[in-house]
Amino acid sequence: MQAFESSVSGILPCQSIETLIATGAIASDTPFDTDQVQPASLDLRLSDRAWRVRASFLPGQRKVEDRIADVSMHPIDLSGGYVLEKGCVYIARLQERLSLPPGLIARANPKSSTGRVDVFVRLLTDRGAAFDDVDAGYEGPLYLEIAPQTFSILVRPGTRLNQLRLKAGEPPRLETRSVGVDLHSGEGGIVGFRGRRHAGVVDLDRIDGHDPRDFWEPLSAPKGELLLDPGEFYILASREAVEIPVMQAAEMTPIDPSVGEFRVHYAGFFDPGFGTDEAHGAGSKGVLEVRTHDTPFLLEHGQIVARLVYEPLTMRPDRLYGEGGSHYQRQGLKLSKHFRAWG
């Protein structure tokens with residue numbers, strides 16, 4: 001296997017990902033979808049194979065499926081569609097597999113739409129020592145741990161829950177920005193949403209197909225404060241607009257627990273062009289998925305809730321975030337694409 005050659009360290013843009021697909025470094029059980037490669041990431045898709053498991057795990061020195069045998073409750077066939085129940089843990093095999101050359105690593109993250117329905121997902125690899133990270137030279141299948149928290153979800157082969165970002169070398173951190181929360185009243189006086197505990201099933205392949213009032217409770221904060229209850233899930237917006245320059249990508253990372261008894265529940269990738277004038281997205285906010293720890297917490301307008309870490313790309317991407325359409329470019333406070341507009 002030849003080493004991946006790049007004159008600079010950085011995150012790979014879409015055209016480099018497409019080259020890896022063409023050369024077989026990234027392969028799939030089925031043909032790749034035309035929109036699967038994003039400006040600086042690759043969407044990953046569920047296969048038809050999954051397992052209900054009684055515990056999360058890391059494989060250690062073993063293969064994932066060997067370890068599943070120790071914790072599996074029963075196998076699942078996703079081919080006809082299957083409801084993954086909230087409060088349960090599942091492992092699914094993904095359609096994509098990797099044969100990474102030396103010098104190239106990968107990192108996975110939930111897709112925005114996954115985080116916004118409170119589904120906790122983490123990538124697993126054979127003999128992997130950490131969730132979501134793929135070492136250089138890894139050759140083998142990919143698996144996804146799936147743990148719905150607030151809503152039960154309907155999935156099927158091809159459902160996309162997470163995405164993969166590939167990196168050459170060790171990209172430097174160009175900047176780390178603090179992200180504050182916006183608790184000043186927006187449209188209709190709504191500053192956020194809280195997930196309803198006993199809602200129905202969210203079909204993750206059904207766009208604009210769910211009434212948000214069946215799943216969400218709107219929140220107001222007349223004093224610029226919001227009391228977060230333990231165990232509840234909230235959708236809020238950043239106070240600041242977020243802009244990702246065309247030669248950079250970013251990852252939102254959870255807050256340091258020492259700053260407050262809550263966390264932004266899911267880290268998230270931001271692709272180049274998000275929120276920029278060039279991609280017609282100026283003014284876009286970051287949407288925050290927030291969950292408290294064990295005690296109630298009074299959140300104030302402008303309070304820091306996350307960090308946004310910027311890294312360089314190896315070259316300018318052939319396309320930017322939002323080109324060809326996006327549910328989240330120019331967003332303010334916004335639920336996932338599965339729900340119709342609030343109103």
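This short presentation describes strand pairing in a predicted model.

Good morning, colleagues. I begin with strand β4, which spans residues 41–53. Is this strand mostly covered or mostly exposed? The strand is mostly covered, since 11 of its 13 residues count as buried.

I turn next to the partners of β4. Strand β3, residues 37–38, pairs with β4 in the antiparallel sense over two bridges. A hairpin of two residues makes the connection from β3 to β4, and Gln38 stands opposite Ser41 in β4.

Strand β13, residues 160–168, runs antiparallel to β4 and is joined to β4 by four bridges. In this pairing, Asp43 of β4 faces Gln163 in β13.

Two further antiparallel partners deserve attention. Strand β7, residues 89–99, is joined to β4 by five bridges, and strand β5, residues 72–77, is likewise joined to β4 by five bridges. Which residues stand opposite Ala50 in β7 and in β5? In β7 the residue is Ala92, while in β5 the residue is Ile76.

I close with another sheet. An open sheet of three strands has the order β6-β12-β16, and its pairing is mixed. The edge strands are β6, residues 82–84, and β16, residues 202–203, each of which pairs on one side only. Between β6 and β12, the latter covering residues 153–155, the pairing is antiparallel and comprises three bridges. Within that pairing, Val83 has Leu154 of β12 as its bridge partner.

Thank you for your attention.

Technical notes: Residues numbered from 1 in each chain as written. Predicted model: local features only at pLDDT ≥ 70, side-chain atom pairs only at ≥ 80, totals over all residues. Heavy atoms only, no water. Pairing = 2+ DSSP bridges. Buried < 20%, exposed > 50% of the residue type's maximum accessible area, 1.4 Å probe, protein only.
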